[in-house]
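This report describes a protein chain through its surface, cores, ring pairing and charged contacts. The sequence and the structure are shown first.

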Amino acid sequence: MNVSLTKDLSVYQLVMGVQVPPKPLSLSPATLLSLVRAQIDLLIEQQIAATLWVKLPPEKIWQSELARYQSSVGASSIIYTCQIDENEKQGAEEDDEAGEENTSSSFSSTHHVTVHLTPDSQLRRENFLMVLSPQFCSLILAHRPLKKRKNQTSGKVNTNKNQPLLIITTVEGRVIQQVLNGIQKAIFSDHLPGSSAPESSPIVPADFICPTMPEAATMSQLFAKQLLRQDEINRQIITARTTKLQQINQELHNKEQFQDEYLKNLCQELRIPLTHIKTALSLLNSPNLKPTQRQRYLQMLNTQCDQQNSLITGLLELVQLERNLEGMVLESVRLSEIVPGVVSTYQPLAQEKGIMLAYTVPTELPSIWCVSGGLRQIVINLLHNSIKFTPNGGEVWVRARLQGDYVQLEFRDTGIGIAENEISKIFERFYRVRTGSTEDYAGAGLGLTIVQQLLLRCGGSISVKSKLYEGSTFTVQLATVGDAPRAIAIEHE
């Protein structure tokens, strides 16, 4: 039998149409679930074979309750499940307050009848469970009313989906009979021309009468089960909230530890140049100091002051970058407009060290996404590192090419390289590569951290290949303007 309901049927309106209707309560979906479970518990315990009319959310947690009942009571029960027709629903407007979906029930289809609803049915905003049996009748109804508000700019009437869930639960025969009669009138079935649909497909026996009220013992058992189920739901909610709070507390604890470690490292980094400066100043006070020694100590003071200045400048840049990064707007930039100028700035330094510095950036490369000034900073930091860690007589290349939806920018040098166990650490704040060389590679250890933060914002990526004493290759990929920026992916090889 193919059963359908007219679109104007509303169980909520039927209930509210009786004399002295039950009072709706504003409750949560969790409470609705506990009420449904308590009803099913009672039906199973009492082995009550009933006709069920249901329209519940499509999630498995709800449908499993119906399957639990039918598997226990068996063939003596019948379940009418109301659902919106899938084909019609695809073309419906997206104002379905109940979030209704067509779903296949996990219980037996032998005693299960699907009741078809149109997408514009009044029942789309309602969920309910109605139990019809000579021993026990009940109704649990959840209604989400439409609260219309007018958009001041467009004049359209919008619906507010944040309205409270109004729940009615009753065992009064007069109320349930009103709903039953309304459903009977709203049914139309596939039938022969000239036949009367409602009379040809009764949903309960013709002599069925809803009991005025269940027996006192039955009501007592129902209340007890509702309390148990609500207590179970409350415990689950408390457990979930406790787990979430623990996660938040752990995240705060981790953040606090990170800040403590950051401040500890910062103080340590600031203290190192000061220690060298204090040592040099004490040595300069020696009365037997030779001119060459004085010159060496003065040079030490100058170097450590530069180191302190570099560290403070780097810190200020990083703090300002992290503070403003999210608000920075991406702009379209061409590598051919940035890379040559930066390379020419570093040519004198490269010549001083006898380093061959060259670049290849085709002018036809497409524009890329980057924050304002970010590409120049990325090129400066990576090129500066390549030259700094490349000994006299070495080579540094900067090359750019198109790679799919990305422009690839490569910095390759013949420098001292990076040990394999250090590659994963080079993007950490204040981390500086350890070398066996006596040469002092002074720096704040923040350049690569800044590069990483800039790439994070513009959806780029960076990969590192390096071999100790043979050189390193840093490869940056930046999304072209024709492609949306993606999240950062840092790779180490």
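## A nonpolar patch on helix α7

Ile248 has a relative accessibility of 35%, so it counts as partly exposed. The model is a predicted one, and in it Ile248 is part of helix α7, which covers residues 216–284. Together with Leu245 and Leu252, Ile248 forms a nonpolar patch on the surface, and the three residues have about 270 Å² of accessible area together.

In soluble globular proteins, nonpolar side chains tend to be buried together. The patch is a set of nonpolar residues on the surface, whereas the cores described further below are built from buried residues.

## Overall composition

The protein chain has 493 residues, and 44% of them are buried. Its secondary structure consists of eleven helices and 19 strands. The accessible surface of the chain is about 26600 Å², with carbon and sulfur atoms contributing 52% of that area.

Among the contacts in the chain with a separation of 6 or more, 75% are between residues 24 or more positions apart.

## Nonpolar cores

The largest nonpolar core has 43 residues. The members that touch the most other members are Leu335, Leu375, Leu382, Leu383, Leu409 and Phe474. When residues up to four places away in sequence are not counted, Leu335 touches Pro340, Val361, Ile368, Leu375, Ala400, Val407 and Leu409. A second core, separate from this one, contains 35 residues, including Tyr12, Val15, Leu123 and Ile187.

Gly373 lies in the loop between β14 (368–371) and α10 (374–388). Its relative accessible area is 47%, so Gly373 is partly exposed. Gly373 and Leu330 are 43 residues apart in sequence, and their C-alpha atoms are 10.0 Å apart in space.

## The aromatic pair

How many aromatic pairs does the structure hold? There is one. It is formed by Trp53 and Tyr80, whose ring centres are 4.6 Å apart and whose planes are at 5 degrees, so the pair is stacked. The assignment as stacked follows because planes under 30 degrees apart are counted in that class.

Trp53 belongs to strand β3 (residues 51–55) and Tyr80 to strand β4 (residues 78–84), so the pair ties together parts that are 27 residues apart in sequence. Trp53 and Tyr80 are both buried.

## Salt bridges between and within helices

Side chains of opposite charge can pair when their charged atoms come close. The structure has eleven salt bridges. One of them joins Arg68 and Asp41, with 2.9 Å between the closest N and O atoms. Arg68 is in helix α3 (residues 60–73) and Asp41 in helix α2 (residues 29–45), so this bridge ties together parts that are 27 residues apart in sequence. The two partners differ in burial: Arg68 is partly exposed at 27% relative accessibility, whereas Asp41 is buried, with a relative accessible area of 16%.

Asp231 and Arg235 form another salt bridge, with an N to O distance of 2.3 Å. Both residues lie in helix α7, four residues apart, which is about one turn of the helix. Asp231 is partly exposed at 38% relative accessibility, and Arg235 is partly exposed at 47%. A further bridge links Lys467 and Glu470 at 3.9 Å, N to O. Lys467 and Glu470 are both exposed.

## A charged network and a buried lysine

Which residues are joined into one network by salt bridges that share partners? The members are Arg37, Asp41, Glu65, Arg68, Arg229 and Glu232. The network thus includes the bridged residues Arg68 and Asp41.

Lys225 is located in helix α7. Is Lys225 buried or exposed? Its relative accessible area is 15%, so Lys225 is buried; the cut-off for that class is under 20%. Leaving aside neighbours within four places in sequence, Lys225 is in contact with Ala38, Asp41, Leu42 and Glu45. Asp41 therefore appears both in the salt-bridge network and among the contacts of Lys225, and Asp41 is itself buried.

Definitions and conventions. Residues are numbered from 1 along each chain as its sequence is written. This is a predicted model: local features need pLDDT of at least 70, side-chain atom pairs count only at pLDDT 80 or more; totals for chains, interfaces and linings use all residues. Side-chain values use heavy atoms; hydrogens and water are left out. Helices (H or I, at least four residues) and strands (E, at least two) are DSSP runs, numbered from the N terminus. Buried means under 20% relative accessible area, exposed over 50%, partly exposed in between (1.4 Å probe, protein chains only). Contact means heavy atoms within 4.5 Å. Accessible areas come from the Shrake-Rupley method with a 1.4 Å probe; for residues, only the protein chains shown count as cover. Patches are made of residues with over 30% relative accessible area and no salt bridge: like charges are joined within 9 Å, nonpolar side chains (Val, Leu, Ile, Met, Phe, Trp, Tyr) within 5 Å. A salt bridge is a side-chain nitrogen of Lys or Arg within 4 Å of a carboxyl oxygen of Asp or Glu. A nonpolar core is a set of buried Ala, Val, Leu, Ile, Met, Phe, Trp, Tyr and Cys residues joined through side-chain atoms within 4.5 Å. Rings of Phe, Tyr and Trp (its six-membered ring) pair if their centres lie within 6.5 Å; planes under 30 degrees apart count as stacked, over 60 as edge-to-face and the rest as tilted.
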